[in-house]
Amino acid sequence: MNQSFYGFLLFIFLVVPPVANFMESVMVIHMHMQMPMLVIAGFLMARFFKNRFPGFFEKWNSNGVPGILLFVIIMVYWMLPRTMDEALTTQSVEVYKFISLPFLAGVSLRDSWKKLSSFGKNSIIISFTIMFLGLGWLYIWSPVQLCNNYLVIQQVTLGWAFLTTAIGLVVYLGYNFFIDPSAYE
Amino acid sequence: MIKNKHNIISLVLVLVFGIVLFFIGTDGFSAFTVETARVKQLIDDKPKFPDVTLEDSNGRKYSISEFEDKYVFITFLYTSCTTVCPELEYNMKQVYDKVPSQYKGEDIVFLSISFDPERDDPATLNKYKDFFKSDGETWRMARVPNQRELDQLLKAFGVIVIPDEYGNFAHNSAFYLVDKKGSLVNVMDYKEINEAAKTVSNILEKGTEE
C-alpha cells in the first residue's frame, strides 16, 4: 500500500456522484474542500507517474518552472466564478475539473515544488496570498451575484474563506521569515 | 544547456495551453461569469417566447400572441421578494416613464411575469401593480399558472430561480425585450435605466418608420 494508491482511493471517493454532489451543493466546500482535495489526490498519485516516466519530468521540468506555471494556470482557471458555475451545469466542464485538478495541477505541483528555489517558493505563496485577498474582497463586497447556481450568502461565505486562507498564508510567510528552525534543534 | 532548452519549450507549451484554456473558458476573454455568458448566448440564439398561458392581474388569460405586432418589455419577479424585485420593478417603471407615450400599448407592452404562481394570484398581482402605478394594460403583471409551462419559459430565457429555506428565491435579473414576432431580441442590464430606455425608444422609432 503506497501513497499513490491512497491518492487513487481519494480520487475515486471524490468522483463518486453522491460525494461530488454533496460537496458541490455548498459553494465554499466546492472551492475550498473538493478542489484542494482533488489536487492532493493528484499530489499523492504523482509518485506513480514519476516512477513510471522518470525521464519525462527530468527532461521537460528540470527546474520546476513549467510545472509550477501549469499548476498556477489550472488553479486560477478554477477560481473564475464562471468555471465553478459551469462545472455544475455542463458535463464536459465537470469532467475536465476532475481530470485537470489532480493530474495537471496536483502532479505538476509535486514534481515542481522541490525543484524551486526558496525565492521561487515564496513568490508563489505571496502571489497566491494577494490573489486570495483579491478574491475574498471580490466575493464579499461584490454588489452582484457572481454565480447563478449559489445564493449570495454562500458567495459571502466563500469570500471570508478566501480571506482567512490568505491570513493563514501571511502567518506562514511571517513565520518563515522571522523564525530560524535550526535555532530550535 | 540542453536541459534548459527543453525547459523553455515546455514553458512555452504550458503558456500557450493556458492562453487557449482561458480563451475558450471565457469566450475570448469576454465573459468571466456565467451571467455574462448567458446574456451573450441569448442575444445570439434569439429564442422564441414559448406558448404558455399567462394570467394577469385582472384575471384575463392569454398567450404571447395577445401581443402580436407589439414589442414586449419583460421582467421576471415574485411579489414576496424584498430585495432585488422592488428595485427591478422600480427601474422598469422609470424605463416605462421614459419611453414616449405614443408607443405604449400600440407598439410596446410592458409585462412583469411572476415565477411564484402559488402566492402571486391575480389579486396579489393587482395590489402589487398599484405600488408601481402600473395601469394593468400597457404595463401588465401576470403569472404563469401551469408550473410545467413556467419552467419551460424560464429555461428558454435562461432565468435561474433557486428557492431558499425561507420561502424566498434567489434569481438573476434583467430586462428582456421580445420583438413583434415573439422572439427575444435583447437582454439589458436592469441597472442601466437610461441606456435601456434609449435602446427601446430607438427600436420603436425605427419600427414605426418602416
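Two strands are taken to pair if DSSP finds at least two bridges between them. With that criterion in hand, the sheet of chain B can be described in this predicted model.

**The sheet of chain B**

Strand β4 (residues 108–114) and strand β5 (residues 139–143) of chain B run parallel and are joined by five bridges; one residue pair that illustrates this is S114(B), whose bridge partner in β5(B) is R143(B). Two helices of chain B pack on the sheet, and the table sets out the strands touched by helix α3 and by helix α4.

| Helix | Strands touched | Angle between directions |
|---|---|---|
| α3(B), residues 84–98 | β3(B), β4(B), β5(B) | about 160° with β3(B) |
| α4(B), residues 122–131 | β1(B), β4(B), β5(B) | about 150° with β5(B) |

The sheet to which these elements belong is open, has seven strands with mixed pairing, and follows the order β2-β1-β5-β4-β3-β8-β9 in chain B. Because β2 (61–62) and β9 (184–188) of chain B stand at the edges with a single partner strand each, one side of each is left without a neighbour in the sheet.

**Chain B as a whole**

Chain B contains six helices and nine strands. Its radius of gyration is 21 Å, well over the 17 Å that the globule rule gives for 210 residues, so chain B is more spread out than a compact globule. The C-alpha trace of chain B spans about 80 × 50 × 30 Å along its principal axes, and 33% of the 210 residues of chain B count as buried. Among the contacts in chain B with a separation of 6 or more, 68% are between residues 24 or more positions apart.

**The contact between the chains**

Chain B contributes 22 residues to its contact with chain A, which in turn contributes 23 residues. On the side of chain B that touches chain A, α1 (2–25) and α2 (34–45) of chain B each supply at least two residues, and the largest share, ten residues, comes from α1(B). By character, the residues on this side of chain B comprise eleven nonpolar, eight polar and three charged.

**A helix pair in chain A**

Within chain A, helix α5 (residues 65–79) and helix α7 (residues 91–113) pack at an angle of about 145°, their axes lying 8 Å apart, and α5(A) passes α7(A) in a left-handed crossing. The residues making this contact include F71(A), I74(A) and W78(A) of α5(A), together with L101(A), L104(A) and D111(A) of α7(A). The residues of the contact of α5(A) with α7(A) divide into ten nonpolar, four polar and two charged.

Key: Residues numbered from 1 in each chain as written. Chains lettered and ligands numbered in written order. Predicted model: local features only at pLDDT ≥ 70, side-chain atom pairs only at ≥ 80, totals over all residues. Helix = DSSP H or I, 4+ residues; strand = E, 2+ residues; numbered from the N terminus. Contact = placed C-beta atoms within 7 Å. Axes fitted to C-alpha atoms, helices over the stretch in contact; angles between N-to-C directions. Left-handed = near helix turned anticlockwise from the far one by under 90°. Nonpolar A, V, L, I, M, F, W, Y, C, P; charged D, E, K, R; others polar. Rg over C-alpha atoms; globule rule 2.2 N^0.38 Å. Buried ≥ 20, exposed ≤ 12 C-beta atoms within 10 Å, placed from the backbone.
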